[in-house]
Every structure is written in structure tokens, then in C-alpha cells.
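Visitor: I'm new to this one, so could you take me in for a close look at the salt bridges? Please go through a few of them slowly.

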Amino acid sequence: MSWEENVRKVVPYTPGEQPKTTNVIKLNTNENPYPPSDAVWACLSSVHPQDLRLYPDPAATDLVHAIAEVYGVKDSETFAGVGSDDVLAMCFMTFFHGKKPILFPDITYSFYDVWADLMEIPYETVPLDEDFRICPGDYMKENGGIVFPNPNAPTGEKLGLDAIEKIIAGNPDSVVIVDEAYVDFGAQSALPLIHKYDNVIVTQTFSKSRSLAGVRIGYAFGPEKLIKYLNDVKYSFNSYTMNRLTIAMGAACVRDVETFRANCRKVMDTRAWVTEELRDLGFIIHESSSNFLFATHPRVDAGELFAWLKEKHIYVRYFNKPRINQYLRITIGTDEDMRTFCDTLKEYPGIGEDKV
Ligand code: PMP
């Protein structure tokens, strides 16, 4: 079959499981446990069914404008896409078109190497230090671009703005993408740096802190020139990425800053007590600045605990990968869900035996 030679063959990204049943405590894909702003539903009446005959605005102007306004930047410094996965994929396609390898951490969002393979972008992974931290000094070598999440995933560790600036300033010939999917849960955004450097892109999402994973909205900020390049590639790939309903929902959602802040606060408060309680049960937990915890237990095999929790209808995330195959990533749910989670863990042999 000679056509097989012409087929693009890739190993796809594996998303966390979306169970079909509802009797599950779902702590495996970093969704927000609280509902989004009421404005998201209220705005739908503004979209007339007749309008759905027509293509949407390819520039998603209303949404881009609302995001830009809320964040105090220009529309021309803002880009919107179908979740930050779409935004990041467009960024890879636009900014990582050189011959030198792009750099990202060895332990990080597992979509980066998939996009790099798909787009035939050479890449090199940079090991996190033994405490799973990103060291800016390790990124001072020849490269065709840099991408990392802040806070990192799945570790939840944040990087300070000064360290991020060091990476951007030290690589003036590369575009540096800061993936801020989880930034609203305790890290500082690199957004101000788009006005200081010409080589930085910051991406964020409505999926986590704005409770709209199911609607699919992501966005990027950057200097005008970079956003123009990004739009050129987007229009060359698929001009109508954002549908009319999504544009309206996103614009309404981002303007409700109060609900957004309250939901982030609730997640952070829950994270604080769950961290303490898991430490009491003998878990070693990385200091999280995100809506999930990265946890290991010296006496318990993470893969076995993951499978056992699943039997108990509690889903967490397990990555069978070097360096992290003894860790679980646990999304912060409601207080009630996390209470059940902690109580269930106490039934597992070897957990909680140190408790005094
Ligand atoms: N970046 C990171 C680090 C993530 O963990 C995720 C969520 N899987 C994303 C980007 C993409 O999220 P979304 O496409 O829902 O915006």
C-alpha cells in the first residue's frame, strides 16, 4: 500500500478520562468544580437563531475586545482561540518555524512534544531540578523558541516573574511562550512583560479559573507584531474558529470579574486544607499555585493507588512517565468532594500510619 508512505503518523496526546457516569468524584482533568458566571447563560438570548445562518466574525472582535478591556491591553495585543490548546498550537505553528530545537521542561504539559512531533519542530527537553523547579539558567543556550507553563503542570510549582523575565531577556532571538493556564490560582502573570519585550507571548484559558472547559476559549497576549503574525497563520489555517455562541458567552463571562475571583478564592481555600490533611497522611506535596496538587507517598505505589481510587469512583490523574511515576495529580474539587477523597484515602493500607 504505497499511500501509507504519504500518511502523517503521530502518537496523539492522551487527555484525561471523561467518565460516562455521574457517580464519580472527578479530580482528573483540572476542571473548576463551581459553575461559571450566570452572565454566560443570560447573554445567549442576545444571539438570534437567524444569526446562526451566518458565519461568525472571524476576528471574534467582541470577545477579543472584552478580554483586552478587562486586562487593560489593546485589542491588537490580544488573540482568541478554541481553548488554549488551539492558541498554543497556533503559536507553535507561527513562532517555532526555525531549524534550532525549541526548549521546554522534561516534566511539563504533555501536549508540547505532541505538537512538536506533529509539526516536525525539533525540540530538546530541559530537566527540572531535583525539587521539580524550572531553572532559568538552563534556558540560556541556543534554541529556536521556548515554552513552559507557569505554574508548571503537573507539578503545580510557580516561577517568579523575575525568573521568567530572565528567560525572556536572555533569549532575545527566540519567542518565549508562557502558558498561564493555571496562573489565576496563585502565580503572577507575565502579561506586563509584553510591553517591555518584543519576544514574549502569554497564553491563558477560560477552562480553569472561569469554569468554561466545555465551551472552549483560550487567549493570548503579546506585542502587536507577534499577534499580527499569529492571526496571519490562523487565517491561513481556519478563519472561523470561534462560533457565535462562544464569542457571546466568552465576552459576558470575562466581564464578570467577581464570580471569577470568588471561584478562584474557593479553590485556593480548599487547596490549603487538603494540602495540610494529605501531609498529615504522610503524602509529600509540592507547594501548589494551581488548582491541583502533585502528591507522592513514600509507602504507597502511585499506580496502584490510582487504580484503587478508580474502583472507589474517585478519578485522579496518573502519568506513567520517568521521574513522576510515583506521583498523582489531584484536581481540587468542592470541599465535600475533597472530604470524601481524604476519608477514602485513610482506608488504604500504608496511608496515615504516621498520624499521631
Ligand atoms: N496548558 C496547560 C499547562 C494545561 O494543563 C492545559 C489543560 N489541559 C492547557 C494548556 C489547555 O487547556 P484548554 O485548551 O482547555 O484551554
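Guide: Start with Glu31, which counts as partly exposed because its relative accessibility is 24% (buried is under 20%, exposed over 50%, partly exposed in between, with a 1.4 Å probe and protein chains only). Its partner is Lys26, and their side chains meet in a salt bridge of 2.8 Å, N to O (a Lys or Arg side-chain nitrogen within 4 Å of an Asp or Glu carboxyl oxygen). Lys26 is partly exposed too, at 23%.

This is a predicted model, where local features need pLDDT of at least 70, side-chain atom pairs 80 or more, and totals for chains, interfaces and linings use all residues. Numbering runs from 1 along each chain as its sequence is written, and side-chain values use heavy atoms, without hydrogens or water.

The structure holds 17 salt bridges, so let's try another pair. Glu142 and Lys100 meet at 3.3 Å, N to O. Glu142 sits in the loop between strands S4 (123-126) and S5 (146-149), and Lys100 in the loop between helix H3 (83-95) and strand S3 (102-105), so this bridge ties together parts 42 residues apart in sequence (helices are DSSP runs of H or I, at least four residues, and strands of E, at least two, numbered from the N terminus). Glu142 is exposed at 61%, while Lys100 is partly exposed at 40%.

Now hop over to helix H10, where Asp343 and Arg339 lie four residues apart, about one turn of the helix. Their closest N and O atoms are 3.1 Å apart, forming a salt bridge. Asp343 is partly exposed at 34%, and Arg339 is partly exposed at 33%. Through shared partners, salt bridges join Glu277, Arg339, Asp343 and Lys346 into one network.
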